[in-house]
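Subject: A structure for you to explore

Hi there,

Here is the structure I promised to pass on to you. Have a look around it first, and then read on for what turned up.

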Amino acid sequence: MPQDSGSSTRREFAREALKSLTAVVLIEGLWSRRLLGDDVRPIVDDWFRELNAISRDVHEHRVKDVEFQKSLEQLYRRGDLASLLKTIDFDRLAAGANFPAKGARSLPVDFSHVKGLPVQAAFGRQVFAMGKGRSVVPHGHDNMATGFIVLKGNFRGRHYDRVEDHPHHYLIRPTIDRKFEPGEFSTISDHKDNIHWFTAEGDAGFLFNIHVVETNPENPRRPGRVYVDPMGEKLAGGLIKAPKITFGKVNQLYG
Ligand SMILES: [Fe+2]
């Protein structure tokens with residue numbers, strides 16, 4: 001390769017990346033800076049290195065999922081990341097986004113063309129995009145730990161502890177119900193705040209999501225989502241009898 005191939009490689013990367021909506025998030029935000037700015041690169045490198053380390057630790061059961069939640073929240077809390085996220089051109093993204101009539105669109109985030117990031121990352125990541133009033137519908141997870149951080153928009157975020165599983169319902173307890181602004185975040189695991197529900201209250205909203213699977217050695221279930229109606233019968237002790245429902249039903253009710 002010729003010595004001066006760096007800029008043309010970057011241009012080529014940008015051209016390729018812009019072909020997909022999800023990559024617009026990257027090329028216009030963190031990752032364009034990562035490629036173009038030496039000042040920012042160490043921040044992003046460190047962030048992903050640490051994210052991968054804590055994800056591997058929980059995935060390989062060296063740390064508890066609730067400890068992973070704390071570590072992920074520390075990473076999300078870093079002001080440098082929040083300020084970088086704010087550089088993303090969401091107006092342009094929103095203009096090109098094909099928001100679903102109900103619910104949120106999950107956009108996979110592909111870092112495979114970016115140098116320096118682990119090829120076999122221990123974490124998965126995606127962006128959720130939704131129109132005004134639409135939601136990431138109420139759901140919990142089995143054998144997973146995940147975290148949302150608000151990229152753009154104002155959300156109402158609700159969490160519930162999943163206290164007991166029954167054949168046709170869960171017993172759940174509300175734990176969080178508040179506004180979330182850009183840069184604010186929350187996390188879930190089998191043991192804490194397992195069910196979450198985010199509604200875009202202003203204009204279009206974007207959430208960034210990190211998830212790690214197989215985080216609870218005591219849970220024999222395969223990692224995945226479970227759908228729930230949190231507006232069920234109120235019981236003593238602040239508990240709610242929340243029916244298990246299908247994705248189609250929860251999307252119809254709350255999407
Ligand atoms: Fe989730």
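Let's start with one residue pair: His 139 has His 196 in β8 as its bridge partner. Please keep in mind that this is a predicted model. The two strands involved, β3 and β8, are antiparallel to each other and joined over three bridges. His 139 also stands opposite Tyr 227, which belongs to β10. That second pairing, between β3 and β10, is antiparallel too and runs over four bridges.

**The sheet around β3**

Where does β3 sit in the wider picture? It belongs to an open sheet of seven strands, in the order β10-β3-β8-β5-β6-β12-β11, with antiparallel pairing. β10 (224-227) and β11 (233-234) stand at the edges with a single partner strand each, so one side of each has no neighbour in the sheet. As a reminder from the textbook, strands of a sheet pair through backbone hydrogen bonds, either parallel or antiparallel.

At the β11 end, the partner is β12 (residues 240-243), and the two pair in the antiparallel sense over two bridges. Lys 234 has Ile 240 of β12 as its bridge partner.

Is β3 enclosed or open to the outside? Seven of its eight residues are buried, so the rest of the structure largely encloses β3. Helix α8 (residues 247-254) lies across β3, β8 (195-200) and β10, and runs at about 145° to β3.

**A second set of strands**

β9 (residues 205-213) is another mostly covered strand, with seven of its nine residues buried. β9 pairs with β2 in the antiparallel sense over seven bridges, and in that pairing Gly 124 stands opposite His 211. β9 also pairs with β4 (residues 144-152), again antiparallel, over eight bridges. There, Met 144 is found opposite Val 213.

**The nonpolar core**

Which residues have the most contacts inside the largest nonpolar core? They are Phe 128, Val 136, Leu 207 and Val 212, in a core of 44 residues. Val 136 is a good one to click on: leaving out residues up to four places away in sequence, it touches Ala 104, Phe 128, Met 130, Trp 197, Phe 198 and Leu 207. In soluble globular proteins, nonpolar side chains tend to be buried together.

**Two buried residues to visit**

Arg 134 lies in the loop between β2 (124-130) and β3 (135-142). Arg 134 counts as buried because 24 C-beta neighbours lie inside 10 Å, and the cut-off for buried is 20 or more. Beyond residues up to four places away in sequence, Arg 134 touches Lys 102, Gly 103, Ala 104, Ala 200 and Gly 255. Thr 199 is 65 residues from Arg 134 in sequence, yet their C-alpha atoms are 5.7 Å apart in space.

Ile 188 is in strand β7 (residues 185-188). Ile 188 is buried as well, because it has 26 C-beta neighbours inside 10 Å. Apart from neighbours within four places in sequence, its contacts include His 141, His 159, Asp 193 and His 196. The C-alpha atoms of Ile 188 and Phe 68 are 9.6 Å apart, with their positions 120 residues apart along the chain.

Phe 68 is one of the buried residues of α5. Does the length of α5 agree or disagree with what is expected for a helix? At 1.5 Å a residue, its 13 residues should span 18 Å, and its end C-alpha atoms are 18 Å apart, which agrees.

**Two unusual backbone angles**

Most residues other than glycine have a negative phi. Asp 193, in the loop between β7 and β8, has a positive phi near 55°. With 19 C-beta neighbours inside 10 Å, Asp 193 counts as partly exposed. His 61 has a positive phi too, of about 65°, and sits in the loop between α4 (41-59) and α5 (65-77). His 61 is partly exposed, with 13 other C-beta atoms within 10 Å.

**The chain as a whole**

Stepping back, the chain has eight helices and twelve strands. Of its 255 residues, 37% are buried. Among contacts with a separation of 6 or more, 76% join residues 24 or more positions apart.

Enjoy exploring, and best wishes!

Conventions. Residues numbered from 1 in each chain as written. Predicted model: local features only at pLDDT ≥ 70, side-chain atom pairs only at ≥ 80, totals over all residues. Buried ≥ 20, exposed ≤ 12 C-beta atoms within 10 Å, placed from the backbone. Contact = placed C-beta atoms within 7 Å. Pairing = 2+ DSSP bridges. Axes fitted to C-alpha atoms, helices over the stretch in contact; angles between N-to-C directions. Core = buried A, V, L, I, M, F, W, Y, C linked by C-beta atoms within 7 Å. Expected span 1.5 Å × (residues − 1).
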